[in-house]
Amino acid sequence: MGKCKKRTLYKNNSSYFMTREEAINNVFKAFCQSCNKKTNYKNAMETISLFGLSAEELSEAGLSYENLRALGSAIN
């Protein structure tokens, strides 16, 4: 993880702090909610790129194969 990402994650403001498990859960929730899909998709993509989440981690969390394919090259 780069220095800038580390600084952002470890700031004293609690809204910036997120564990890897919480990040996976947030991505899963974003794809499972039906309202406001564009915003949810954008937030999910930002979280995936920030944490470098893999397809395996997301599938273990319960994300469907179709959603994983929709992510395309954003996941490792």
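Among contacts in the chain between residues at least 6 apart in sequence, what percentage join residues at least 24 apart? In this predicted model, the figure is 52%, and the paragraphs below follow some of the places where distant parts of the sequence come together.

The chain has 76 residues, of which 24% count as buried. Five helices and zero strands are present, so that reading along the sequence gives the pattern α-α-α-α-α as set by the run-based assignment of helices. The chain exposes about 5,500 Å², and carbon and sulfur atoms supply 50% of that area.

A good place to begin is helix α2, which covers residues 20–32. At 1.5 Å a residue, its 13 residues should span 18 Å, and the end C-alpha atoms are 19 Å apart, which agrees with that expectation. The buried residues of α2 are A23, I24, V27, A30 and F31. Seen down the axis of α2, these buried residues fall within an arc of 125°, and they therefore line one face of the helix. A general feature of helices helps in reading this pattern: an α-helix has 3.6 residues a turn, so residues three or four places apart point the same way.

From this helix the view can be widened to the interior. In soluble globular proteins, nonpolar side chains tend to be buried together. Here, the largest nonpolar core has 14 residues, and V27, I48, L53, L58 and L71 are the ones that touch the most other members. The elements that give two or more residues to this core are α2, α3 (37–51) and α5 (65–71). Which of the elements gives the largest share of this core? That share, five residues, comes from α2.

Helix α3 can be approached through T47, which has its place in that helix. With a relative accessible area of 15%, T47 is buried, because the cut-off for burial is under 20%. Leaving aside its neighbours within four places in sequence, T47 is in contact with A23 and V27, both of which are among the buried residues of α2. V27 is also one of the residues that touch the most other members of the largest nonpolar core.

A polar link also involves α2. The structure holds one salt bridge, in which the side chains of R20 and E57 meet at 3.0 Å, N to O. R20 lies in helix α2 and E57 in helix α4 (residues 55–61), so the pair ties together parts that are 37 residues apart in sequence. Are these two residues buried, partly exposed or exposed? R20, at 34% relative accessibility, counts as partly exposed, and E57 is likewise partly exposed, with a relative accessible area of 23%.

Several C-alpha distances add further detail to how the segments are arranged. S59 is found in helix α4 and, at 36% relative accessibility, counts as partly exposed. The C-alpha atoms of S59 and I24 are separated by 9.9 Å, although the two residues are 35 residues apart along the chain; I24 is one of the buried residues of α2. N26, which lies in helix α2, counts as partly exposed at 35% relative accessibility, and its C-alpha atom is separated by 9.4 Å from that of N40, with their positions 14 residues apart along the chain taken as the distance in sequence.

The loop between α1 (3–9) and α2 contains M18, which counts as partly exposed at 25% relative accessibility. The C-alpha atoms of M18 and F51, 33 residues apart along the chain, are separated by 9.9 Å, and F51 is placed by the stated limits of α3, 37–51, in that helix. S49 also has its place in helix α3 and is partly exposed, with a relative accessible area of 45%. Between the C-alpha atoms of S49 and I75 the separation is 7.6 Å, for a pair that is 26 residues apart along the chain.

Taken together, these details return to the opening question, since 52% of the contacts counted there join residues at least 24 apart. The salt bridge of R20 and E57 links α2 with α4, the contacts of T47 reach A23 and V27, and α2 supplies five residues to the largest nonpolar core.

Key
Residues numbered from 1 in each chain as written. Predicted model: local features only at pLDDT ≥ 70, side-chain atom pairs only at ≥ 80, totals over all residues. Heavy atoms only, no water. Core = buried A, V, L, I, M, F, W, Y, C linked by side-chain atoms within 4.5 Å. Buried < 20%, exposed > 50% of the residue type's maximum accessible area, 1.4 Å probe, protein only. Helix = DSSP H or I, 4+ residues; strand = E, 2+ residues; numbered from the N terminus. Salt bridge = Lys/Arg side-chain N within 4 Å of Asp/Glu carboxyl O. Contact = heavy atoms within 4.5 Å. Areas by Shrake-Rupley, 256 points an atom, 1.4 Å probe, with all protein chains shown as cover. Expected span 1.5 Å × (residues − 1). Arc of directions from axis to C-beta.
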